[in-house]
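The exercises below are meant to be worked through with the sequence and the model side by side. Please try each task before reading its solution.

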Amino acid sequence: MNHKKRLVLILFHLILFLGCQKKTEIPTQTPEQILQSFEIADGFKLELFVSEPLIADPVAMEIDEYGRLYVVQLHGYPLDKGQTGSVKIILDSDGDGRPDKAVTFADNLTMPNGIMRWKKGVIVTDAPNVLYLEDSDGDHVADIRDTLLTGFALSNPQHKVNTPIYGLDNWIYLGNEPATTPKIFVDEFGDKGEEIRYPKLSNSPSLPRNANGRRVRFKPDDHQIEMLASATQYSNAQDRWGRHFLGNNTNHIFHEVIHGKYLQRNPFLDVVSATQTISSYGMPADVFPITENPDYQIFTSIGVFTSACGVTFYDGNLFPSSFESVAFVAEPVSNIVHACVVESYGPTFRANRVYDQKEFLASRDPWFRPVNHYIGPDGALYIVDYHRRYIEHPEWMGEDVINSGALYDGSDRGRIFRLTPTNALVANWLNNLQLGDAGNHELISLLGHPNKWYRKTAQRLLVHRKDASLREDLIKFACEDTTGFGRLHAAWTLEGMGIPSKEVIILLLRDPIPGNRENGITMAESLLKSHPELIKELLKLKRDPDARVRFQLVCTLGELNSPEANNTIEELLFADLQDNWFQIAALSSRNLDYKKLLNKLINSPQNSDRAVLTLIERLSGLIGINNIESDINFLITKAIENRGKNNVAWQASILNGLAGRARSINFNLKSIEKIKENLVATAFSHGSGDVRSASLNLLEIIGLPDAEHLRTYEHEALNRLQNKGSADADKLVSVRFLALSNPTRYKDTLYGLLSVDQSIDVQKTSLRLVSEIDSGQIGRYLVDHWSEFSPQLRDTGIAIFLKNETNIRTLLSALEEKNIDISSINFYQQISLMMNEKEEIRKRARKIFSNTPIDKSRKEVISKYRSGLGKPGNPAQGEAVFRNNCSTCHQIGGKKGTDFGPDLSTIRNRRLESILTDILDPALSIADGYELWEIQLQNGETKQGIIASETPSSIVLKIYGLDSETINRQEIQSVRALGITLMPVGLENTISVEEMNDLLAFITKPL
């Protein structure tokens, strides 16, 4: 960093320091001492590879073919855009294999966050640019600086272009996601980006502003650039077969199932997402930190993934073979590195925990901030530790922390750890590799290396050399390879050199390894026109045992226009019809006959199957948007034909398909009035409730007919609502019809349906509709009747509160006045309120959710017990305290007690002070779902308990000391929330300070 930029950073820190409210304390542990803070999986060891003063604020690394270590340093996070970022080269000057020298390779970078070796230099992501940096004279300092791409959004540093990777297919892939809309730091991070383009090309190809918030791939030499189908936050990984795995803060790993190029060929196909969440254990999934004295922020979701990043597949051939399909995910807020094993699951994958109730690597040090991983040439996993006091961005912090002067604590520190099996040798690669000088044939032999670092590096170097004379050598190597890796990388090397081989592609199509066959299908696409004989090879795979292979075959055949290809797509579709992704892949085809397929499905014996109905709905929408009047009339006529109650589910799917695409369909038809009249009649008289509801779905979009007989249907609707014997499906149709036909006239009727004796579906539908009719008064109504609302109706009420600014203010007032408990607002709704664009709303919300006042009568008690938190408790003795005082209402991990109140394992990752306060002042905030309710029955009987669940016709009440009881809604006169909890006050009379410490140690101990 040059003197001027360092002065800017010092001044920035000084400004923050002058406004500080408390003195920050910097931990005194050395990097070596911090090694003692880790708990690591059996069979592995962790060593410090490089740390301060050689590096500081590391976020990404790269090892080149000469064993030079590049480290990206992000000094400016979270707020300083004063070009303080840099890239360092780490060297071993005495030949002992250990880093001992650092040279600043490049400085004056804004907020760099990713790096990739390319040709003789490196590619660095530094929004709004993607840079190429090269040292041309051998002094380890970049003297060439070129902007390859520009236009990316410079928004919140956690959400900008990042992590360039060299793909198996020779494209460079960039992580990217939509620009955030800041509420506080608008001037600093309100940039939305521009068109993505090559700035040095006058006629540069371009992508929309910030690539519409999606990932990008490009080839600098050919000036190609493409927008992909998915977005990712700070994870951009491929497995050994080139499949893409991504992540964001709360979704630690998901899979991009279908490539954007297939979706783009059919722009009328509605696909909400091209990705699949693959975690089998929740999203956000639980994490199991061991951090001592964590300092979580008000927006931090504790005990689950809240900052997941750096997804990396292990493929280094040093770990045990059981790690061949393991992905590592960093979680810096919780100070852990998580491991999950990724296994095939149809055309996508499923991730399972490697370790139950614990993490692969966890630190007691709250400043350990793993943000990235890297597989080295030695097969070790290198872990990049940003090592800061705060990892959250101030946009998501409380003002006290922002003004504390501590935002940059740790900015002079940083570590990279080396993780290996316990019997591994020391690292010996630093400045000790000569792969860049290796001959072509040596590089070819490395294409089958068991460590992906060598395979990928050799492929990249060969592609850059572009020696066409190697074609026959690469083909020979692929034919003789026994590793499987060699065949795959040789094929892609040939493709990257512009000399693809039909023979090698056929070799892959016949390969015993499914991943190779899958890649062979992809590679065949570019040769189908010049080598049509490849189509026959593709068609041979239609009964392949591997779902990914069959899925890729559907995607690839969708490019063709031949009866044989279309028949094969249809055959593959019906074979895997239950899988949503096969439906999407088939419908992405350029030349599928939608009407033929729809008729086949309607007449199928499985036409009531859920997957078939989904496909019928999709096909109906696609047929409708062609805007052929005869087709639309045919669809609606088929859909509303009264066939009784049997075998008509597909009719509702047709109507829902048309309703879902109605805004793209021209309903200005000659027969539209008659169609509307028929739909109204269907809504009231069809034998299927689903068809009646679907008719209204379409009418809500295209409108009711102009007809006198509508009054007859209004009377019919009122009669059904007043008749207690009416079926719920009839009542729901009636409610929706009245709100659609004459909402103002029937406002009072809809309010009257918000009664506990109505089904919960009728209540929720009525509440939603009346909120649209009476938007000015609904907020006040909700507050006045809140205690009468059951939990599900409250959920609908909160959603209505959050719809507009007026209702939000009403909600905040109700929370401040304790008319509504904060437990009614879930964590993400709280965040939404605390991040509202209106400063006044934002401040009120933050005060409500982060500074809940404690009852004065409990302050002394809490203070007394808080003084004991500095001493370590005894979990074994704490279990006895739990058994004697808590087990009558609570369990730990579903065991050791009674399932009545909240399971205490759900709070083990919270601050000790918070758990202590909830125990000693239980009325302060009632746990979500555990408020006490009183139900008055029609016969005069009264019951009290916790509402465990609701169905349309009944309420399940958990009664303390008794079994759960199911109460029919027709038996209920009133439901009232008592606003209290059964958790007793006064535990200080039975639990000493020491025992409380032991209890907390037991509750917070990992299961």
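Helices (H or I, at least four residues) and strands (E, at least two) are DSSP runs, numbered from the N terminus. The model is a predicted one, in which local features need pLDDT of at least 70 and side-chain atom pairs count only at pLDDT 80 or more, while totals for chains, interfaces and linings use all residues. Residues are numbered from 1 along each chain as its sequence is written, and side-chain values use heavy atoms, with hydrogens and water left out.

**Exercise 1. Place L732 in its helix and describe its surroundings.**

Step one is to find the element, which is helix 23, spanning residues 728–741. Step two concerns accessibility, where buried means under 20% relative accessible area, exposed over 50%, and partly exposed in between (1.4 Å probe, protein chains only). Because its relative accessible area is 22%, L732 counts as partly exposed. Step three is to list contacts, meaning heavy atoms within 4.5 Å: leaving aside neighbours within four places in sequence, L732 is in contact with D761, V762 and T765. Finally, L732 and S766 are 34 residues apart in sequence, and their C-alpha atoms are 8.6 Å apart in space.

**Exercise 2. Decide whether N266 is buried or exposed, and find what it touches.**

Begin with the position of N266, which lies in the loop between helix 4 (260–264) and strand 20 (275–277). Its relative accessible area is 7%, so N266 is buried. Not counting residues up to four places away in sequence, N266 touches L587, S588, S589 and Y594. K838, by comparison, is 572 residues from N266 in sequence and 41 Å from it in space, C-alpha to C-alpha.

**Exercise 3. Describe how helix 14 and helix 16 pack.**

First take the geometry: helix 14 (residues 563–575) and helix 16 (residues 594–602) pack at an angle of about 35°, with their axes 13 Å apart. Here axes are lines fitted to C-alpha atoms, for helices over the stretch in contact, and angles run from 0 to 180 degrees between N-to-C directions. Next come the residues that make the contact, which are N567, E570, L573 and F574 of helix 14 together with K596, L597, K600 and L601 of helix 16. Sorted by class, they are four nonpolar, one polar and three charged residues, where Ala, Val, Leu, Ile, Met, Phe, Trp, Tyr, Cys and Pro count as nonpolar, Asp, Glu, Lys and Arg as charged, and the others, Gly among them, as polar.

**Exercise 4. Work out which strands stand at the edges of the sheet 11-12-15-16.**

Start from the pairing rule, by which two strands pair if DSSP finds at least two bridges between them. The four strands form an open sheet in the order 11-12-15-16, with antiparallel pairing. Strand 11 (162–166) and strand 16 (224–227) each have a single partner strand, so one side of each is left without a neighbour in the sheet, and these two stand at the edges. Strand 11 is joined to strand 12 (residues 172–175) by three bridges, and N162 has G175 in strand 12 as its bridge partner.

**Exercise 5. Find how far the confidence values extend along the chain.**

The mean pLDDT, the predictor's confidence in each residue from 0 to 100, is 88 for the protein chain, and 91% of the residues reach 70 or more. Over residues 1–24, however, the pLDDT is below 50. Where pLDDT is low, the predicted coordinates should not be read in detail.
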